[in-house]
Amino acid sequence: MQENEEIKVEEKLEDITGITCIYVPVNDVYESIKWYHKNLGYQPAINDRVEPGMVMAVLNVPDRNGNLPSPGLRQVVPALFLHKSDAEGGRLGFSWSLDSGNPHAMACFITPRIQELIERFKENGVNIIGERVTSGPNITFADPDGNIWEVWQP
């Protein structure tokens, strides 16, 4: 390379910048909104009308000031899109041999206060499937429809 030769760096766009939503099959969207709010703090999107019989809802986690995020390129906490689905449509979760065939979560939430969350889950009767420590404490739990989630504290 010659001394005066410029190095040209090509600006490259990222292919993926985050996850914006997770589609969650549920039996009753209205009741599931209440469950996800009570246990995980998710709230319906501002323009969603919450009422019995609804077939779809978008839920988000508000920031510490109570503001709901706007969709964007770097969505840190994905929205949950609750969709009315028959049980035959399936539920989120799987099992695998490394976990001795036990149910495994499809996604993992992060919390700075896992002990408080565990106590809330116990008070609310949440189905806690298991607890373990990886690089921090984890709990695996299921919503009333059998969708399996995990929460981890770094």
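The legends below describe close-up views of a predicted model. Residues are numbered from 1 along each chain as its sequence is written, and side-chain values use heavy atoms, with hydrogens and water left out. Because the model is predicted, local features need pLDDT of at least 70 and side-chain atom pairs count only at pLDDT 80 or more, whereas totals for chains, interfaces and linings use all residues.

**View 1. The largest nonpolar core has 26 residues.**
A nonpolar core is here a set of buried Ala, Val, Leu, Ile, Met, Phe, Trp, Tyr and Cys residues joined through side-chain atoms within 4.5 Å, where buried means under 20% relative accessible area, exposed means over 50% and partly exposed lies in between (1.4 Å probe, protein chains only). The residues with the most contacts inside the largest core are Val-24, Tyr-36, Leu-80, Leu-82, Phe-141 and Trp-149. Two or more residues each come from strand 1 (21-26), helix 1 (29-40), strand 3 (56-60), strand 4 (79-84), helix 2 (114-124), strand 9 (137-142) and strand 10 (148-152); helices (H or I, at least four residues) and strands (E, at least two) are DSSP runs, numbered from the N terminus. Helix 1 gives the largest share of this core, five residues. Another core, of five residues, lies apart from it and includes Cys-21, Ala-45, Val-58 and Phe-81.

**View 2. Strands 1, 4, 3 and 2 form an open sheet in the order 1-4-3-2, and helix 1 lies across them.**
The pairing in this sheet is mixed, with two strands counted as paired if DSSP finds at least two bridges between them. Strand 1 and strand 2 (43-44) are the edge strands, each pairing on one side only. Strand 3 and strand 4 run antiparallel and are joined by four bridges, and within this pair Ala-57 stands opposite Leu-82 of strand 4. Not counting residues up to four places away in sequence, Leu-82 touches Val-24, Val-26, Val-29, Ser-32, Ile-33, Tyr-36, Val-55, Met-56, Ala-57 and Leu-59, contact meaning heavy atoms within 4.5 Å. Helix 1 runs at about 150 degrees to strand 4; axes are lines fitted to C-alpha atoms, for helices over the stretch in contact, and angles run from 0 to 180 degrees between N-to-C directions.

**View 3. A second open sheet, also of four strands, has the order 7-10-9-8.**
Here too the pairing is mixed, and the edge strands, each pairing on one side only, are strand 7 (108-110) and strand 8. The twist averages 25 degrees from one strand to the next. Strand 8 (127-133) pairs with strand 9 in the antiparallel sense over six bridges, and a hairpin joins strand 8 to strand 9 through three residues. In this pair Arg-132 stands opposite Asn-138 of strand 9. Strand 9 and strand 10 also run antiparallel, joined by five bridges, and Ala-142 has Ile-148 of strand 10 as its bridge partner.

**View 4. Thr-140 lies in strand 9 and is buried.**
The relative accessible area of Thr-140 is 9%. Leaving aside neighbours within four places in sequence, Thr-140 is in contact with Asn-127, Ile-128, Ile-129, Gly-130, Ile-148, Trp-149 and Glu-150.

**View 5. Helix 2 has a buried side and, on the other side, exposed residues.**
Ile-114, Leu-117, Ile-118 and Phe-121 of helix 2 are buried. These four cover an arc of only 100 degrees around the axis, which puts them on the same side of helix 2; the arc is that of the directions from the helix axis to the C-beta atoms. On the other side of helix 2, Gln-115, Glu-116 and Glu-123 are exposed. The buried residues of helix 2 pack against helix 1, strand 8, strand 9 and strand 10, and helix 2 lies across the three strands named here, running at about 25 degrees to strand 9. Just after helix 2, Gly-125 takes a positive phi of about 75 degrees.

**View 6. Helix 1 and helix 2 pack with their axes 9 Å apart.**
The angle between the two helices is about 140 degrees, which makes helix 1 oblique to helix 2, given that angles under 35 degrees count as roughly parallel, over 145 as roughly antiparallel, 65 to 115 as roughly perpendicular and the rest as oblique. Lys-38, Asn-39 and Leu-40 of helix 1 meet Leu-117, Arg-120, Phe-121 and Asn-124 of helix 2.
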